[in-house]
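Look at the sequence and the model together. The paragraphs below go from the whole chain to single residues.

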Amino acid sequence: MNSLDINQIKEYLPHRYPLLLVDRVLDWDSGKTITAIKNVTINEEFFNGHFPHKPVMPGVLMIEALAQTAALLSFLTEDRKPDANTVVYFIGIDNARFKRPVEPGDQLKMEVAITHCRRGIWKYTAKATVDGQVAVEADLMCTMRDAVNASKTA
């Protein structure tokens with residue numbers, strides 16, 4: 001079983017608090033799938049304004065958590081860690097559906113599978129669940145670029 005703790009995740013993702021949205025990788029199969037979790041707590045910055053009377057994790061952040069999980073799978077598949085010049089861009093989302101709200105105390109279990117990779121474009125199917133119920137699902141696309149030339153190629 002392949003797993004990563006938060007310190008290992010930080011070696012692969014440039015994100016940091018409050019935008020690092022993957023707490024642990026439970027398992028991955030190189031070139032195929034990854035399962036990770038995000039523990040959602042009331043201490044999250046976004047709950048201050050979304051919404052004070054009924055805190056709900058913004059859908060865009062659930063998608064971002066899935067995209068970060070997808071980026072992890074790509075780096076693990078390539079057996080490399082990004083350097084200071086590597087930028088991963090989230091370049092597309094299709095078929096996004098939000099099925100249930102995610103609230104403080106929930107654990108978002110994210111499952112991502114690679115469906116296609118060609119010319120530096122990675123495509124994935126992604127789903128996040130809470131207690132076995134689908135919270136969000138989507139098809140995602142990402143690309144890795146050299147930061148020096150990123151504005152010219154993305």
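What percentage of the 154 residues in the protein is made up of buried residues? In this predicted model, the share is 38%. A residue counts as buried when its relative accessible area is under 20%, and as exposed when that area is over 50%. Residues in between are called partly exposed.

Next comes the overall form. The C-alpha trace spans about 45 × 30 × 30 Å along the principal axes of the protein. For a chain of 154 residues, a compact globule would have a radius of gyration near 15 Å, and the protein agrees with this because its own value is 15 Å. The surface that the protein exposes comes to about 8300 Å², and 49% of that area is supplied by carbon and sulfur atoms. Charge can be described in a similar way. There are 18 positive and 19 negative side chains, and the centres of these two sets are 5 Å apart.

The chain can also be read as a list of elements. The protein has 3 helices and 6 strands, and along the sequence they follow the pattern α-β-β-α-β-β-β-β-α. How do contacts relate to separation along the sequence? Among contacts with a separation of 6 or more, 63% are between residues 24 or more positions apart. A contact here means heavy atoms within 4.5 Å.

Helix α2 is a good place to look at one element in detail. What span should the 20 residues of helix α2 have at 1.5 Å a residue? The expected figure is 28 Å for residues 59–78, and the end C-alpha atoms of the helix are 29 Å apart, so the two agree. Helix α2 is also mostly covered, with 15 of its 20 residues buried.

Leu-72 belongs to this helix. Its relative accessibility is 0%, so Leu-72 counts as buried. Leaving out residues up to four places away in sequence, Leu-72 touches Ile-9, Tyr-12, Leu-13, Val-22, Val-25 and Ile-34. Of these, Ile-9 lies within the range of α1, which runs over 6–12. Leu-72 and Thr-143 are 71 residues apart in sequence, and their C-alpha atoms are 12 Å apart in space.

After α2 comes Asp-79. Asp-79 is in the loop between α2 and β3, the strand that covers 86–98. Is Asp-79 buried or exposed? Asp-79 is exposed because its relative accessible area is 68%, and the cut-off for that word is over 50%. Its phi is positive, about 55°, although Asp-79 is not a glycine.

A positive phi is also found at Asn-95, where the angle is near 55° and the residue is again other than glycine. Asn-95 sits in strand β3.

Phe-90 is in strand β3 too. With 35% relative accessibility, Phe-90 counts as partly exposed. Which residues does Phe-90 touch, not counting those up to four places away in sequence? They are Ile-63, Ala-67, Leu-140, Met-141 and Cys-142. Ile-63 and Ala-67 fall within residues 59–78, the range of helix α2, and so this strand residue touches that helix. Phe-90 can also be set against Arg-119: the two are 29 residues apart in sequence and 15 Å apart in space, C-alpha to C-alpha.

Strand β1 offers another case, Leu-26. Leu-26 has 28% relative accessibility and therefore counts as partly exposed. Not counting residues up to four places away in sequence, the residues that Leu-26 touches are Met-1, Asn-2, Ser-3, Thr-35, Ala-36, Ile-37 and Lys-109. Among them, Thr-35, Ala-36 and Ile-37 lie within 33–39, the range of β2. The C-alpha atoms of Leu-26 and Glu-111 are separated by 10.0 Å, while the two residues are 85 apart along the chain.

Last come the peptide bonds. Where are cis peptide bonds found? One runs from Tyr-17 to Pro-18, with omega near 5°. Pro-18 is in the loop between α1 and β1, which covers 24–29. Another cis bond joins His-50 and Phe-51, and its omega is about -10°. Phe-51 is placed in the loop between β2 and α2.

Technical notes: Residues are numbered from 1 along each chain as its sequence is written. This is a predicted model: local features need pLDDT of at least 70, side-chain atom pairs count only at pLDDT 80 or more; totals for chains, interfaces and linings use all residues. Side-chain values use heavy atoms; hydrogens and water are left out. Helices (H or I, at least four residues) and strands (E, at least two) are DSSP runs, numbered from the N terminus. The radius of gyration is taken over C-alpha atoms; the globule rule is 2.2 Å times the number of residues to the power 0.38. Buried means under 20% relative accessible area, exposed over 50%, partly exposed in between (1.4 Å probe, protein chains only). Accessible areas come from the Shrake-Rupley method with a 1.4 Å probe; for residues, only the protein chains shown count as cover. Lys and Arg count as positive and Asp and Glu as negative; His and the chain ends are not counted. The place of a charge is taken as NZ of Lys, CZ of Arg, CG of Asp or CD of Glu. The expected span of a helix is 1.5 Å times one less than its number of residues.
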